[in-house]
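Trainee: Please take me through this fold by question and answer, and give the cut-offs of each term when it first comes up.

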Amino acid sequence: MLTKLASLGPEERARGVIAASAGNHAGALAYASALEGIDCLVVMWKGASELKRAAALGYGATIDQEAAGPTEVFERLAQLQDETGRMLVHPFDDPLVIAGQGTVGREIAEDLPEVDVVVVPVGGGGLVSGIAVALQGRRVVAVEPEGSRALHDGLAAGESVPVTPRSVADGLNAPFGGTLPIRLGLELGIESVLVTEEEIGTGFRFLYERAKLAAEPAGAAGVAAILAGKVPRLEGSTVAVVVSGGNVAGETASGILKPVQPPADS
């Protein structure tokens with residue numbers, strides 16, 4: 001986010017910025033904008049995470065929630081951008097945002113030079129494509145929910161296609177994969193796998209109970225894929241899994257962590 005904001009000139013900064021987000025991009029942009037003294041407007045949708053909305057508001061952003069859902073949010077974004085003249089900070093289809101996200105890949109290479117495989121939770125594809133650029137020559141695996149497969153379907157089609165995302169991993173509920181992430185994914189050989197909602201829950205519980213990490217369901221998707229055996233050819237490899245996102249409502253977390261009751265005897 002700071003990479004993108006640093007590229008704006010004085011007149012662009014004065015106009016303010018705008019973005020669409022399920023909540024994590026909203027919080028990040030709101031925080032970065034506050035640091036840079038830039039006015040920030042975020043377009044979310046009705047029913048989006050109240051926890052993430054509150055975080056963005058707490059950092060000083062203005063929130064618009066006129067969109068009915070994730071498939072309508074970019075239409076509302078375009079309308080408000082035309083009306084206000086704000087600078088767009090796209091969550092996943094902007095080269096400077098992707099470059100900033102790619103610093104995660106550089107950190108992985110610095111901390112774990114022997115890494116062979118990096119597994120990354122994916123929404124629109126910005127984070128995974130940035131990491132793939134930074135780690136060229138290593139395997140990069142994108143993980144998405146079965147019900148929210150924007151990048152997966154885009155890679156299969158060779159172009160961005162609309163989807164109707166539905167997953168408890170709301171941070172991965174992108175309505176389409178980014179054009180640039182899809183192109184980079186095809187050029188760099190990003191692999192794509194899908195996980196079920198149940199597998200995401202298993203990954204979430206593993207991180208909470210065993211790794212002591214309070215990740216959100218979106219952040220647990222990569223671990224879910226590993227635990228479910230969805231990522232092939234890992235034997236003998238050094239593997240890094242990105243756990244990105246820790247903004248989970250208490251009721252969501254408790255619902256996943258709640259022990260499953262055995263069926264009553266009939």
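Mentor: Before we begin, contact means heavy atoms within 4.5 Å. This is a predicted model, in which local features need pLDDT of at least 70 and side-chain atom pairs count only at pLDDT 80 or more, while totals for chains, interfaces and linings use all residues. Residues are numbered from 1 along each chain as its sequence is written, and side-chain values use heavy atoms, with hydrogens and water left out.

Trainee: Leaving aside neighbours within four places in sequence, with which residues is alanine 218 in contact?

Mentor: Alanine 218 belongs to the loop between H11 and H12, where helices (H or I, at least four residues) and strands (E, at least two) are DSSP runs numbered from the N terminus. Its C-alpha atom is separated by 8.5 Å from that of glycine 246, a residue 28 places away along the chain. Once the neighbours within four places are set aside, the contacts of alanine 218 are Pro121, Ala169, Gly171, Leu172 and Ser244.

Trainee: Is alanine 218 buried or exposed?

Mentor: The classes rest on relative accessible area, with buried under 20%, exposed over 50% and partly exposed in between (1.4 Å probe, protein chains only). Because its relative accessibility is 2%, alanine 218 counts as buried.

Trainee: In what order do the strands of the open sheet that contains S1 run?

Mentor: Two strands pair if DSSP finds at least two bridges between them. By that rule S1 (residues 17-20) and S2 (residues 40-45) pair in the parallel sense over four bridges, and S2 is likewise joined to S3 over four bridges in the parallel sense. On the other side, two bridges join S1 to S4 (residues 87-88), again running parallel. The four strands therefore form an open sheet with parallel pairing, in the order S3-S2-S1-S4.

Trainee: Which residue of S3 is the bridge partner of valine 43?

Mentor: Valine 43 lies in S2, where it stands opposite alanine 20. In S3, its bridge partner is aspartate 64.

Trainee: What is the handedness of the β-α-β unit made by S1, helix H3 and S2?

Mentor: A crossover is right-handed if, with the strands pointing away from the viewer, the path from the first strand over the helix to the second runs clockwise. Here the helix between S1 and S2 is H3 (residues 24-36), and the unit is right-handed.

Trainee: Which residues of strand S1 are buried on its two faces?

Mentor: Both faces of S1 are covered, and the residues on each side are buried. On one side they are Val17 and Ala19, and on the other Ile18 and Ala20.

Trainee: Which are the edge strands of the open sheet S7-S6-S5-S8?

Mentor: This second open sheet has four strands in the order S7-S6-S5-S8, with parallel pairing. An edge strand pairs on one side only, and here the edge strands are S7 (191-195) and S8 (239-241).

Trainee: At about what angle to S7 does helix H11 run?

Mentor: Axes are lines fitted to C-alpha atoms, for helices over the stretch in contact, and angles run from 0 to 180 degrees between N-to-C directions. Helix H8 (residues 126-134) lies across S5 and S6, running at about 160° to S5. Helix H11 (residues 197-209) lies across S6 and S7, and its angle to S7 is about 90°.

Trainee: What is the relative accessible area of arginine 233?

Mentor: Arginine 233 lies in the loop between H12 and S8 and has phi near 60°, a positive value in a residue other than glycine. Lysine 212, in the loop between H11 and H12, also has phi near 60°, and its 62% relative accessibility makes it exposed. Arginine 233 is exposed as well, with a relative accessible area of 57%.

Trainee: What radius of gyration does the protein chain have?

Mentor: The chain, with 13 helices and eight strands, has a C-alpha trace spanning about 60 × 50 × 35 Å along its principal axes, and 48% of its 266 residues count as buried. The radius of gyration is taken over C-alpha atoms, and the globule rule is 2.2 Å times the number of residues to the power 0.38. For 266 residues a compact globule would have a value near 18 Å, which agrees with that of the protein chain, 18 Å.
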